[in-house]
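Please walk me through this structure, beginning with the ligand and the residues that hold polar contacts to it, and then moving outward to the backbone and the charged pairs.

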Amino acid sequence: MPSVPARPYEFVLDPRRAALLIIDMQRDFVEPGGFGEMLGNDVSQLRPSIAPLQALLAAARRAGLFVMHTREGHKPDLSDLHHAKKVRGRGAKTIGDAGPMGRILIIGEAGHDIIPELYPIAGEPVIDKPGKGAFYNTELSEIIADKGITQLIVCGVTTEVCVHTTVREANDRGIECLVLSDCTASYFPEFHATALRMIAAQGGIFGWVSDSTSVIAALTAPAEPAAG
Ligand code: TIU
């Protein structure tokens, strides 16, 4: 099985049991006028992750790796939005209010959708999640169990929020997580760097950290000859 150079040590990738999980690459986080900007962030900080993710996604599709996407958001009637999340930040606009890309962080609105550069194709589940973690109140556990997935290559935004929460949830469920430094991003570069350090510290307390180049090389390496 291909070995991916990683921190704190190499990650042994089993492509039959691995999936690429792309977290929340939505217009609401990446483009001006959405939830990310509403929170006061400079959304351009996230753009450098797009090109490496495009290359990784293309390689994963070529290699036949199972690909999943997530979207953070809420039902139009806000029935899945906790009051605490609605009011936190004391912003003039909050989740569900009208913005330039439709109602902010609401399923079905333009801003809620995945950016065109990384748009899902047929066969790639899109998991709508009301929380920061991809396991909370979603079908992700069932999909992973059905497919026999034991490893997740986790990418997307933001590193210290939805990526980290998802990695922590996966870790407690016995899933091995490989997080890619150039395919994740934060509005705060220092949080991005520290969040990645936190994953790989203490012998890989939450998982491993590598990059798209290393994973693409592993996915495109010729298969080892069968034993015997
Ligand atoms: N605010 C922030 O950094 N992130 C989020 O609210 N959601 C995700 O990370 N997807």
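In this predicted model, an N or O atom in the side chain of T158 lies 2.9 Å from an oxygen atom of the ligand. The side chain of E72 also places an N or O atom 2.9 Å from the ligand, in this case from a nitrogen atom, while V157 takes part through its backbone, where an N or O atom is found 3.1 Å from a ligand nitrogen. On its own the ligand has 290 Å² of accessible area, and the protein covers 93% of that area.

The residues that surround the ligand include these three, E72, V157 and T158, together with D24, F29, F35, L39, K132, V161, C162 and Y187. Sorted by class, this shell consists of seven nonpolar residues, three charged residues and one polar residue. The charged members are D24, E72 and K132, and the polar one is T158, whose side chain was described above as lying 2.9 Å from a ligand oxygen. As for the space that the ligand takes up, it is the largest pocket of the structure.

Two of the residues beside the ligand also deserve attention for their backbone, since V157 and T158 are joined by a cis peptide bond with an omega of about -15 degrees. T158 is placed in the loop between strand β8 (151-157) and helix α6 (159-172). A cis peptide bond is also present between R7 and P8, where omega is about 0 degrees, and P8 belongs to the loop that runs between β1 (3-4) and β2 (11-12). Such bonds are worth noting because most peptide bonds are trans.

The same kind of reasoning applies to phi, because most residues other than glycine have a negative value. R90, which is not a glycine, has a positive phi, near 50 degrees, and its place is in the loop between α4 (83-87) and β5 (98-99).

Turning to charged pairs, the structure holds ten salt bridges. One of them is formed by the side chains of R47 and E117, with a distance of 3.2 Å from N to O. This pair links parts of the chain that are distant from each other, the two residues being 70 residues apart. R47 sits in the loop between α2 (35-38) and α3 (50-63), whereas E117 sits in the loop between β6 (102-103) and β7 (126-129).

Key: Residues numbered from 1 in each chain as written. Predicted model: local features only at pLDDT ≥ 70, side-chain atom pairs only at ≥ 80, totals over all residues. Heavy atoms only, no water. Near = heavy atom within 4 Å. Polar contact = N/O pair within 3.5 Å; in protein donor to acceptor, adjacent residues only side chain to side chain. Areas by Shrake-Rupley, 256 points an atom, 1.4 Å probe, with all protein chains shown as cover. 1 Å grid on protein atoms, 1.4 Å probe; cavity = no way out; pocket = protein on both sides within 12 Å on 5 of 7 lines; lining within 4 Å. Sits in = over half its atoms within 2 Å of the grid points. Salt bridge = Lys/Arg side-chain N within 4 Å of Asp/Glu carboxyl O. Helix = DSSP H or I, 4+ residues; strand = E, 2+ residues; numbered from the N terminus.
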